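Please open the structure in your viewer with the cartoon representation switched on, and keep a selection prompt at hand. The stops below are meant to be followed in order, each one beginning with something to select.

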Amino acid sequence: MKQYIGAHISVGKGYEDMVDRAVAMGANTFAFFLRNPRGGSARALDEDDLAKAYEKLKKHEFGPLVAHAPYTMNPAGNKESVLAFADIAMSEDLDRLEYLPDSYYNFHPGSHVGQGIEKGITLISEYLKRMLDRPLKSTVLLETMAGKGTEVGSSFAELATIIKNVDRDENLGVCLDTCHIHEAGYDLQDIDGVLQEFDAVIGLQYLKAIHLNDSKNPRGARKDRHELLGEGEIGWDSIISVLTHPKLRHLPFVLETPQKTEKGYGNEIAELRKRSAN
Ligand SMILES: [Zn+2]
């Protein structure tokens, strides 16, 4: 089976254009923002463009796409305006994703900004209950975080508590970011051990996507600095052991490495396919 590998790409001229550029870089999945990542509103809805994009995704046998929520979204914040934006942004983004059925919507769970981890977990859980209180064709993914500042979600236990609170299995899962869990302290040289822990604490059935990144920092640094594959502290051996792990092979793998061009991502994807022989 050809694995689903792609990168985070810009929306550019629209959805169909995005699929064309993904195909050109040798990708068969990708990540993208449904709106300006620093805030702001969504693009005007173009149903024709979305329908054409969906047709091309099927034609080229893409795996699930992994849309990304804006970085400014913080459902664990302590300001009314911040919480209101989180509600509006995810609701609108999920509405838009209905045009691309079976996609994932990945988000950083949030930062509790001094309110404490328990309060943060409660706010995020209540938020997800509101967001998922309707039929949806997509699945929302909590991203594993590095633990920078007051970030919630840098341990599997925190994510497990949120998932249990929300109790909406059919539309909720986890996206594992290799850079983030390495910086949160998990040892990727022992991928079997990490996955056993994930299974025991969260359940591997919730793992839906991988952000495949190297890290500029040593394990446990909790800074969240992504690096090009093979050039950071994680290294090729661990990267390939994640990509080729029998329990992960079916998932979409998305690169968020500091590439400056789409050609750069294309080279990285080709290198991954070569090193894993797929
Ligand atoms: Zn990530």
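What follows is a walk through a predicted model, from its sheet to its core, then to a pair of helices and a few loop residues.

**The sheet as a whole**

Begin by selecting the strands of the open sheet, which has eight of them in the order β1-β10-β7-β6-β5-β4-β3-β2, with parallel pairing. The edges are formed by β1 (5–7) and β2 (31–33), each of which pairs on one side only. If you look along the sheet from strand to strand, the twist averages 30° from one to the next. As general background, strands of a sheet pair through backbone hydrogen bonds, either parallel or antiparallel.

**Strand β7 and its two partners**

Next select residues 207–212, which make up strand β7. Is this strand enclosed or open to the outside? Six of its six residues are buried, so β7 is largely enclosed by the rest of the structure. With β6 (residues 172–177), β7 pairs in the parallel sense over four bridges, and with β10 (residues 253–255) it is joined, again running parallel, by three bridges. Ile210 is a convenient residue to centre on, since it can be followed in both directions: Leu176 has Ile210 as its bridge partner in β7, while Ile210 in turn has Phe253 as its bridge partner in β10.

**From β6 to β5 and β4**

Now move the selection to β6, where five of the six residues are buried, so that this strand too is largely enclosed by the rest of the structure. Strands β5 and β6 pair in the parallel sense over four bridges, and β4 (residues 104–107) pairs with β5 in the parallel sense, also over four bridges. To see one rung of the β4–β5 pairing, display Asn106, whose bridge partner in β5 is Leu141.

**Leu142, a residue to centre on**

Stay with β5 (residues 139–143) and select Leu142, which is found in that strand. Leu142 counts as buried because 27 C-beta neighbours lie inside 10 Å, where 20 or more are required. Its bridge partner in β6 is Val174. Which residues does Leu142 touch, leaving aside those up to four places away in sequence? They are Pro109, Gly153, Leu159, Ile162 and Val174, so Val174 appears both in this list and as the bridge partner. A distance label between the C-alpha atoms of Leu142 and Ile162, which are 20 residues apart along the chain, should read 9.1 Å.

**The largest nonpolar core**

Switch to side chains and select Ala7, Phe30, Ala67, Tyr105 and Val254, which touch the most other members among the 73 residues of the largest nonpolar core. Helix α4 (residues 117–131) gives the most to this core, with six residues. Then centre on Ala7, which, not counting residues up to four places away in sequence, touches Met25, Ala27, Phe30, Val254, Leu255, Tyr265 and Ile269.

**Helices α1 and α2**

Hide the sheet for a moment and select helix α1 (residues 15–24) together with helix α2 (residues 47–59), whose axes come within 7 Å and cross at roughly 25°. Angles under 35 degrees count as roughly parallel, and α1 and α2 are therefore roughly parallel to each other. On the α1 side, Tyr15, Glu16, Met18 and Val19 take part in the contact, and they meet Asp49, Leu50, Lys52, Ala53, Lys56 and Leu57 in α2. The residues of this contact divide into six nonpolar, no polar and four charged.

**Three loop residues**

Finish in the loops, starting with Glu61, which lies between α2 and β3 (66–68). Its phi is near 55°, a positive value in a residue other than glycine, and Glu61 counts as exposed, with 9 C-beta neighbours inside 10 Å.

Go on to Asp224, in the loop between β8 (214–215) and β9 (226–227). Asp224 also has a positive phi, of about 65°, although it is not a glycine. Is Asp224 buried or exposed? It is buried, with 22 other C-beta atoms within 10 Å.

The last selection is Asp190, in the loop between α6 (178–184) and α7 (191–201). Asp190 is partly exposed, with 13 other C-beta atoms within 10 Å. Add Gly230 to the view to close the tour: Asp190 and Gly230 are 40 residues apart in sequence and 17 Å apart in space, C-alpha to C-alpha.

Key: Residues are numbered from 1 along each chain as its sequence is written. This is a predicted model: local features need pLDDT of at least 70, side-chain atom pairs count only at pLDDT 80 or more; totals for chains, interfaces and linings use all residues. A nonpolar core is a set of buried Ala, Val, Leu, Ile, Met, Phe, Trp, Tyr and Cys residues joined through C-beta atoms within 7 Å. A residue is buried if 20 or more other C-beta atoms lie within 10 Å of its own, exposed if 12 or fewer, and partly exposed in between; C-beta atoms are placed from the backbone. Helices (H or I, at least four residues) and strands (E, at least two) are DSSP runs, numbered from the N terminus. Two residues are in contact if their C-beta atoms, placed from the backbone, lie within 7 Å. Two strands pair if DSSP finds at least two bridges between them. Axes are lines fitted to C-alpha atoms, for helices over the stretch in contact, and angles run from 0 to 180 degrees between N-to-C directions. Angles under 35 degrees count as roughly parallel, over 145 as roughly antiparallel, 65 to 115 as roughly perpendicular and the rest as oblique. Ala, Val, Leu, Ile, Met, Phe, Trp, Tyr, Cys and Pro count as nonpolar, Asp, Glu, Lys and Arg as charged, and the others, Gly among them, as polar.
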